[in-house]
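Morning, everyone. I have one structure to go through today, and I will start with its cavities.

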Amino acid sequence: MDVCLSYSYQMDDEIAKFIKRVNPPRVVIDNDVCKNVTVIKVDSANKHGILLEVVQVLTDLNLTIKKAYISSDGGWFMDVFNVTDQDGNKVTDEIVLEYIRKSLGPDESSCFSPSMRSTIGVKQSVDFTVIELTGTDRPGLLSELCAVLMDLQCNVVNAEIWTHRAKAAAVLQVTDEETCSAVTDPERLSKIRKLLGYVLTGGSSSRRRSREPKTTVSSSLNETYADRKLHQLMFADRDYDEWENNTDDEDKSGRVIPDVDVSNLHDLDYSIVMIKCKDRPKLLFDTVFTLTDMKYVVSHASIDAEGPEAYQEYYIRHTDGSPVKSEAERQRVIKCLKAAIQRRVSEGLKLELCTSDRVGLLSDVTRIFRENSLTVTRAEVKTKGGKALNTFYVRDASGYEVDAKTIDSIRQVIGQTILQVKGGNTEPKPSSQESPTGFLFGVFKSRSFVNFGLIRS
């Protein structure tokens, strides 16, 4: 059986290579045809999931997709994207433009290459341990998780954390404090999994829950893009279930609920998905990924995000060519798309931290947030060249607006030049008494609610 499957995959690759030689992918980038946007045209032989890969390339470059016209019915894929950079200008950086040509063109490393079929959307993890977490969100949860990792001599080098409808999901990349590489000892990996799982249950193994938290720890394994994995973790935890029977314009957190509808064109065997919501970065990726991950094929689509609102129209089918088959399936598509759109919505005050990285830095920062009654609704942690570049979205744990005095007090402790406020009404205040040296050198000690080293199984 394995031999047959291997032969089948080899044949598929050979056929794909032949099609590519006959009809190589073509990328045209035009900065002259439109006044305010760069036009990117992509033509190639079609295959399932290729739209997601193209959108991923553009999204990873932090490009804003203002308009898009997509047609991939049959054997050919033809897309047009109108894009700008983060500042709303045309894309003129030749390095970025050349990267787009190579990533989407006939190059062997492009997403159209048959050799990349089994590795699309995958990054090799050899220098760190990947931790995936899902559970019920609560104030201070991130702080407790980071305290456990510090106690276990693990340094968080990269992480992305989402919260949505009382659920939390995280993908973390950690290294061993001593070796600065992946944790490989099976007993230590088991201990990490056990203690993090204990935190996710709220410190009680007997606590009754509608759904058990999950902790996955792996070393030197293929790791999908963090945002794809976070969507999958939230989906597996069924965060979309709570959309049922909710007809209000806002959810319990005050976020505007997106308008999503699904209907069938019976004479053409398509289902039409209509989306109207506030535009934001990576919105197109989130909706395309959700449809692709749910095994739908996008045959045609039209995207308009030139104003504050985004309008998306998709013509979809199952992989077998059939449209949405029942009212239950229709409602499920609607709920899953609404959840996917709102998972990445940035709720709370945005704080950016930039300083030299050290073991325990994330634990100290999140502890200070917790001690000042702030809860983290979303976070992105990056480490580049020994520098920690972290973004946090925080709100008051009691549900009130974040007090400007609280933020100023936190910035006095961490360092006003280290922690910056982005957006909101809290402006940086100069201080002649600022002394962040103690924080930078780790004088603050972790004070978690539980002595995790003494937790009993």
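A word on terms before the first item: a cavity here is a set of grid points where a 1.4 Å probe fits but cannot get out, and lining residues have an atom within 4 Å of a point. Please also keep in mind that this is a predicted model.

So, how many cavities of 30 Å³ or more does a search of the whole structure find? It finds four. The largest cavity holds about 190 Å³ of space. Its lining is made up of 22 residues, and those nearest the centre are D137, L141, L142, L145 and I161. Several elements give two or more residues each to that lining: β6 (129–136), α4 (141–151), β7 (154–164), β8 (167–176), α9 (361–371) and β16 (374–384). Which of them has the largest share? That is α4, with four residues. By residue class, the lining of the largest cavity has 12 nonpolar, seven polar and three charged residues.

The second largest cavity comes to about 110 Å³. It is lined by 16 residues, and N155, V156, G360, L361 and L362 are the closest to its centre. At least two lining residues come from each of α4, β7, α9, β16 and β17 (387–396). The split for the second largest cavity is nine nonpolar, five polar and two charged. If you compare the two lists on screen, α4, β7, α9 and β16 are named for the largest cavity and again for the second largest.

Staying with α4 for a moment, L149 is found in that helix. L149 counts as buried because its relative accessibility is 2%, under the 20% limit. Its C-alpha lies 8.3 Å from the C-alpha of S363, although the two residues are 214 apart along the chain.

Next, the loop after that helix. Q153 is placed between α4 and β7. Its phi is positive, about 60°, and Q153 is not a glycine. Is Q153 buried, partly exposed or exposed? It counts as partly exposed, because its relative accessibility is 41%.

There is another residue of this kind in the loop between β8 and α5 (186–200), namely C180. Phi of C180 is also positive, near 60°, and again the residue is other than glycine. C180 has a relative accessible area of 56%, so it is exposed. R238, just after helix α6, takes a positive phi as well, about 55°. Within α6 itself, residues 226–236, the buried ones are D227, R228, K229, L230, H231, L233 and M234.

Now the aromatic contacts. The structure holds four aromatic pairs, and I will show two of them. For F285 and F289, the ring centres are 5.9 Å apart and the planes are at 15°, so this pair is stacked. Both residues sit in helix α7 (residues 283–293), four residues apart, or about one turn of the helix. On the general point, an α-helix has 3.6 residues a turn, so residues three or four places apart point the same way. F285 and F289 are both buried.

The other pair is F369 with F392, and it is edge-to-face, with 5.3 Å centre to centre and 80° between the planes. Which parts of the chain does the pair link? F369 is in helix α9 and F392 is in strand β17, 23 residues apart, so to speak distant parts of the chain. F369 is buried, at 1% relative accessibility, and F392 is buried at 0%.

One contact of another kind involves R317 and Y270. R317 lies over the face of Y270, at 4.0 Å from the ring centre.

Last item, helix α8, residues 327–343. It has 17 residues and reaches 24 Å from its first C-alpha to its last, close to the 24 Å expected at 1.5 Å a residue. Is α8 mostly covered or mostly open? It is mostly covered, with 12 of the 17 residues buried. Among them are E329 and the run V333, I334, K335, C336, L337, K338, A339, A340, I341, Q342 and R343.

That is what I have. Questions, please.

Terms used:
Residues numbered from 1 in each chain as written. Predicted model: local features only at pLDDT ≥ 70, side-chain atom pairs only at ≥ 80, totals over all residues. Heavy atoms only, no water. Expected span 1.5 Å × (residues − 1). Buried < 20%, exposed > 50% of the residue type's maximum accessible area, 1.4 Å probe, protein only. 1 Å grid on protein atoms, 1.4 Å probe; cavity = no way out; pocket = protein on both sides within 12 Å on 5 of 7 lines; lining within 4 Å. Points joined across faces, edges and corners; volume = space filled by probe spheres on them. Nonpolar A, V, L, I, M, F, W, Y, C, P; charged D, E, K, R; others polar. Phe/Tyr/Trp six-rings, centres within 6.5 Å; stacked < 30°, edge-to-face > 60°. Lys NZ or Arg CZ within 6 Å of the ring centre and 35° of its normal.
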